[in-house]
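Could you walk me through this model in my viewer, one selection at a time? I would like to know what to pick next and what I will find there.

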Amino acid sequence: MVPDPAASFDAVFAYLEQRLSESRDFFQHAEMTLDLRGKPVRTDELSKLHRLLVTKGRVRLVEVKLEEDLNLLLDRPTDRRTLPPRIETPPVPDDLALVIRNTCRSGTRVVSQSDCVILGDVNPGAEVIAVGDIIVFGNLRGVAHAGATGDRSARIWALSIEPSQIRIADIVAVPPRGNKPTPRRFEIAEVQDNLIEVITL
Amino acid sequence: MAGKTIVVTSGKGGVGKTTTVANIGTVLAKKKYSVVMIDADIGLRNLDVIMGIENRIVYNLVDIIEGKCRKQQAMIRDRKLHNLFIIPAAQTREKTAVNPDQMKKLCTELAEEFDYVLIDCPAGIEQGFRNAVAGAQTAIVVTTPEVAAIRDADRVIGLLEADLLKDIYLIINRLNHRMVKKGDMMSTEDIISLLAVPLLGVIPESEEVVISTNRGTPLVHNRGSKAGMAFQQIGARLNGEDIPLNLEQKITLMDRVKRFVWS
């Protein structure tokens with residue numbers, strides 16, 4: 001649905017309310033995308049509109065397109081479940097890194113609110129998620145997600161990076177196929193131009 | 001003196017747990033130790049078939065636990081070795097018929113009477129695995145050089161460590177040396193570097209294994225079989241004998257002559 005950008009919010013709201021009560025069956029459980037990109041809208045107006053559509057019209061609002069980022073108002077439970085575990089609010093800065101003193105075997109899941117140090121390997125099937133950096137004193141062969149709250153400057157350090165998948169903030173990378181040379185000392189994965197690069201040192 | 005309780009596990013199915021139990025049990029019994037093998041795979045019992053005692057089963061593991069028979073009644077003596085016994089699993093029951101505490105009690109009691117108690121663990125990491133592992137002091141993890149089997153073995157080792165079972169050994173089964181040389185199969189070194197568990201031995205891939213399991217006679221009874229030799233060495237190492245790991249498994253002409261003379 002794209003409302004007329006020239007019309008006032010109250011006019012749009014009144015029109016919509018009338019249409020919804022006239023043809024309720026048509027709107028019921030229908031999927032709808034609300035496009036408000038051509039029209040500046042206040043937060044309270046948007047929530048009023050959202051309430052009208054979802055509760056009264058029983059519309060399934062799939063997406064709201066806005067000029068500004070107000071997407072937080074939407075409830076999209078199906079989407080949220082498929083997303084990687086994400087901490088919604090940035091945690092209080094906490095300098096205490098989580099230290100794991102053994103190898104993370106398949107099935108292990110480590111979540112740290114700051115940096116994460118692993119004194120051992122991360123084997124295939126294990127997951128390490130950290131809000132800050134991930135440092136592995138061993139081979140990284142499983143899944144690592146640094147900067148889990150969206151910090152793209154987070155880095156992954158390991159003696160050897162041959163993961164099943166690595167993520168930094170919102171960027172996901174899989175290693176290229178084929179054998180790679182063994183690093184001399186250690187490797188760092190970091191974001192460069194929206195891509196994850198692995199640098200051998 | 002209490003004997004050793006050893007569980008043979010893997011996570012993934014079909015990697016050779018039951019075959020390993022049957023052969024190691026036979027090797028240890030041949031060394032004149034008293035051995036009892038427990039099939040903990042309730043509902044999918046196989047150890048009896050591999051040992052060739054299928055038609056002699058009257059009572060089973062669940063009967064002992066439920067107090068329907070005495071332990072001695074359910075133990076089946078091996079055809080060849082009088083100091084080797086098998087406790088078969090119940091085929092018509094489920095894994096939930098037994099709980100870890102009951103298994104622990106049974107294993108402790110058996111360890112009083114026997115030198116070795118070997119437990120054949122079912123595949124998976126659910127109740128059956130929990131039962132099988134409960135009474136064991138030592139674990140042997142069997143894997144094949146396949147990525148899926150190694151991943152599962154890794155998970156199982158993690159679970160065993162979480163259960164504070166620290167005495168864990170590895171057996172690599174069905175290794176094809178020719179494929180490793182060509183680079184088509186993971187090598188022993190690769191597997192050990194990933195799993196980081198002491199290696200007990202490597203069993204080469206062999207048709208003899210299938211033949212012996214189908215016949216119901218453990219492979220170690222056949223002289224001159226490479227896989228049988230590997231099992232004999234594993235049994236000896238488990239018994240604390242110092243036998244160097246010969247990873248290449250090259251059998252030279254001299255070895256053949258020696259073996260011929262010795263046998």
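Start by selecting chain B and displaying its contacts: of those between residues at least 6 apart in sequence, 76% join residues at least 24 apart. Keep in mind as you look around that this is a predicted model.

Stay with chain B and switch to a cartoon view, where you can pick out 12 helices and eight strands. Turn the chain along its principal axes, and its C-alpha atoms fill a box of roughly 55 × 40 × 35 Å. The radius of gyration of chain B is 18 Å, which agrees with the value near 18 Å for a compact globule of 263 residues. If you colour by burial, 47% of the 263 residues in chain B come up as buried.

Next, bring chain A into view and go to where the two chains meet. The contact takes eight residues from chain A and seven residues from chain B. On the chain B side, select helix α7 (residues 147-162) of chain B, which supplies the largest share, five residues. By character, the chain B residues that touch chain A are three nonpolar, three charged and one polar.

Finally, colour chain A by pLDDT. Its mean is 78, and 78% of its residues reach 70 or more. Which elements of chain A have the highest and the lowest mean pLDDT? Strand β8 (residues 143-146) of chain A has the highest, at 96, and helix α4 (residues 77-82) of chain A the lowest, at 39. Now select residues 69-92 of chain A: pLDDT stays under 50 over this stretch, for which the model has 17 contacts beyond four places in sequence.

Terms used: Residues are numbered from 1 along each chain as its sequence is written. Chains are lettered from A and ligands numbered from 1 in the order in which they are written. This is a predicted model: local features need pLDDT of at least 70, side-chain atom pairs count only at pLDDT 80 or more; totals for chains, interfaces and linings use all residues. Helices (H or I, at least four residues) and strands (E, at least two) are DSSP runs, numbered from the N terminus. The radius of gyration is taken over C-alpha atoms; the globule rule is 2.2 Å times the number of residues to the power 0.38. A residue is buried if 20 or more other C-beta atoms lie within 10 Å of its own, exposed if 12 or fewer, and partly exposed in between; C-beta atoms are placed from the backbone. Ala, Val, Leu, Ile, Met, Phe, Trp, Tyr, Cys and Pro count as nonpolar, Asp, Glu, Lys and Arg as charged, and the others, Gly among them, as polar. pLDDT is the predictor's confidence in each residue, from 0 to 100.
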